[in-house]
Amino acid sequence: MLAHFWSILSLQAGYNTSVVLIGVTLLGIGSAAIGTFVLLRRRALISDAVGHATLPGVGLGFLTAYALGLDGGRNLPILLIGAGATGALGILSVQWIRDHTRLPEDAAIGTVLSVYFGIGTVLLSYIQSLPGGARAGLNSFLMGQSAALSLAEVWIIGAGSVVVILLCLLFFKEFKVLCFDQDFATAQGWPVRKLDLLMLALLLLAVSIGLKTVGLVLIVALLVIPPVAARFWTDDLKGMTLIAGVFGGLSGYLGAAASALVPRLPAGGVIVLTAGALFAVSLIVAPKRGVIAGAIRQLRFRWGEAERRGLMAVADGRNPTPVQAGILRLKGFLDRAGQPTARGLEAARATARDQALWLRYLEDFPQEAMACEDWARVPIDRVLPGDLVAELERRLRLAGS
Amino acid sequence: MEITLADFLTIDLPAMLVGTLAGIPCALLGTFLVLRRQALIGDALSHVVLPGIVAGFMISGSIATLPMMAGALAASVIAVLLIEAIRRLGRLETGAAMGVVFTVMFAAGVVMLEQGVGTRVDLDAQHALYGAVELTYWRGPTDWASLLDPAIWAALPHSITVLAAVALLTVALVLLFYKELKITTFDPALATSLGIRASWVNAGLILMVAVAAFEAVGSILVIAMFICPAATARMLTDRLSRQLVLSVVFAILSGILGYVFAAFVPLWIGAANSLTAAGMIAAVGGVFQLLAMLFAPRYGVVARALSRRGEIPA
């Protein structure tokens, strides 16, 4: 089993399987790339409405192809054109409801999602009653079935993904400004409306080509999860897009491979679970923004605070609390009997001096002190310029005498 | 094709009851969700309950209501906690956190279904999406008079009893906590100063939404009934009490008309088979909302365009 899984992953399990794997990987990269911009433009859940809104288009596309006698209705290009058309109508409906009625955007998204999907299921139930319709295989659009893709279909998916990736690269700068500073883009005279439309068109393309693989219920995950996971690793848009692309590609690659290995395993579900696992790992271990990094930062802060307070107690001739004493002993500031060592006394004196200077600083320069992030947390000489520290020391002496 | 009275009472009446009884609690709770801008919580929870239902089934080994509802509730609670945790830990906007949680949990449910139970029982992903409004049969009544016989009511399908109980419970809770719900919806600050815990009311509301979302009629019908009747009523009135009543009225109308369009109209116009009722009920709910958005007396698009023309004389 493991050997077979490895042969699928290393593209040695036959031409068809390999092509499917590459196609779905490209799809993951493309969706993640456009998803990054969609997320930053705070439109994460519009993609969900778009995904569901494609279903009536799939049904209408099938009926059109069926009437024309093309492949018994299962003609992917026509199905995708239909999906794109009603998906676009879905976006327009959300915008119309939001802009022209008193209903807020979330209600608009929910309306479009459920009503379009409802109409889609009605069409599908009609198609199932047609002669040969029960075998139309349209249900694979709901949950996704990458193992059942034909080569021609994979080519369409791969080509569409490449188009999405290339256009994201080509318009990277424009999309970036659109996400972060739309007013600037308008002031610069950029065609903001057209760029926005392009972004939505790419979203629509990614959703349409993802339907057959991931399924329309879960396609939103491929757009949203990789960028959200990437966000934990970097603050830079270029890095975020890149990492999101890697996560998306990896999800598609592993998901499609698992779906090829295990019968009855819905590709969409596995792809989304893979993306979810990458998200969980990012949430926990990412440096800076991850949970562990945050906990370590918190711990280090408390540790430093306890050490400082302990030294202050030593300087004032009080007894440090047990926790503080433990830390001081670890650092060699206290001996086994709990008496301060020579180094400990020196450190206590330095801390007491720092504390006094910091307090003086807060009293004499309250605004600057408030703005200082490291106030009272590090030796004052490390943060403030030498002449200012000397001035504070002079004032301290004056006040003391 | 002629529909006999016995057929109607056995097949169509229970289906209509399922369609309308499922819609009533959704419409009531949806009114608050729409007003609080939490409309998508209903969407998210109706996806999230799937792994809970499947887990409840796998553990108990039966499709009895209680273990599956317990699973659904547990899954909803986990989802809400996860969304909140991810939002805080990752400093993400709610929409993104919600998108991550509900898709991953739904995906887990789909995989569990296909791998764990799909081959053993008639519980599959499609069922979870479409539900089975039309698969509820009431073996008993043969004519209107027989409805007066108490023995007939004992044969009432279990799912209808559950739906009716959930609907009654929701109506009772909304009436009981009407003041709290109203104040926390419109003025959270006032609620706090009056000593009403907004977060408790919110949690209670979400739990009720989860129970309503669990109903075995398919997530698509539930999402549509959370939003469309409430949004339709919102277009027509500014009073909360009136909005609640109107949303229930539209939910019932959608349930009945949706079923009629799905089951009877195709046969009347000569088609061989009927269509899916859940999808049609959602579609009818959407049509009501569209009509309200266009032609509502005060807030409709048409009325506002006309009044604007009246304000600025040419």
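User: Which residues does B:Thr232 touch, leaving aside those up to four places away in sequence?

Analyst: In this predicted model, B:Thr232 touches B:Phe250, B:Gly285, B:Phe288, B:Gln289 and B:Ala292. As for where B:Thr232 sits, look in helix α11 of chain B, residues 219-236.

User: What makes B:Thr232 count as buried or exposed?

Analyst: Its relative accessible area. Buried means under 20%, and B:Thr232 comes in at 1%, so B:Thr232 is called buried.

User: And how many of the residues in chain B count as buried?

Analyst: Of its 314 residues, 54% do. On the element side, chain B has 14 helices and zero strands. Contacts are worth a look too: taking those in chain B between residues at least 6 apart in sequence, 71% join residues at least 24 apart.

User: Let's go across the chains. What makes α5(A) parallel, perpendicular or oblique to α13(B)?

Analyst: Start with the geometry: the axes of helix α5 of chain A (residues 105-128) and helix α13 of chain B (residues 277-295) come within 7 Å and cross at roughly 135°. Roughly perpendicular covers 65 to 115, and roughly antiparallel needs over 145. The angle fits neither class, so α5(A) is oblique to α13(B). The crossing itself is left-handed.

User: Which residues make that contact?

Analyst: From α5(A) you have A:Thr111, A:Ser114, A:Val115, A:Gly118, A:Ile119, A:Thr121 and A:Val122, and from α13(B) there are B:Gly279, B:Met280, B:Ala282, B:Ala283, B:Gly286 and B:Gln289. Sorted by class, the contact has six nonpolar, seven polar and no charged residues. If the polar count surprises you, remember that Gly is put among the polar residues.

User: Now within chain A: why is α11(A) called oblique to α12(A)?

Analyst: Same routine. Helix α11 (residues 219-231) and helix α12 (residues 237-261) of chain A pack at about 130°, with axes 8 Å apart. That angle is past the 65 to 115 range for roughly perpendicular but not over 145, therefore the pair is oblique. This crossing is right-handed.

User: What is the contact of α11(A) with α12(A) made of, by class?

Analyst: Eight nonpolar, one polar and one charged residues. On the α11(A) side are A:Pro226, A:Pro227, A:Ala229, A:Ala230 and A:Arg231, meeting A:Met240, A:Ile243, A:Ala244, A:Phe247 and A:Gly248 of α12(A). Arg counts as charged and Gly as polar, so A:Arg231 and A:Gly248 supply those two entries.

User: Last one: how far apart are the centres of the two domains of chain A?

Analyst: The C-alpha centres of domain 1 and domain 2 lie 55 Å apart. Domain 1 spans 10-286 and domain 2 spans 292-400.

Key. Residues numbered from 1 in each chain as written. Chains lettered and ligands numbered in written order. Predicted model: local features only at pLDDT ≥ 70, side-chain atom pairs only at ≥ 80, totals over all residues. Heavy atoms only, no water. Domains from an automatic or database assignment. Axes fitted to C-alpha atoms, helices over the stretch in contact; angles between N-to-C directions. Helix = DSSP H or I, 4+ residues; strand = E, 2+ residues; numbered from the N terminus. Parallel < 35°, antiparallel > 145°, perpendicular 65-115°, else oblique. Left-handed = near helix turned anticlockwise from the far one by under 90°. Contact = heavy atoms within 4.5 Å. Buried < 20%, exposed > 50% of the residue type's maximum accessible area, 1.4 Å probe, protein only.
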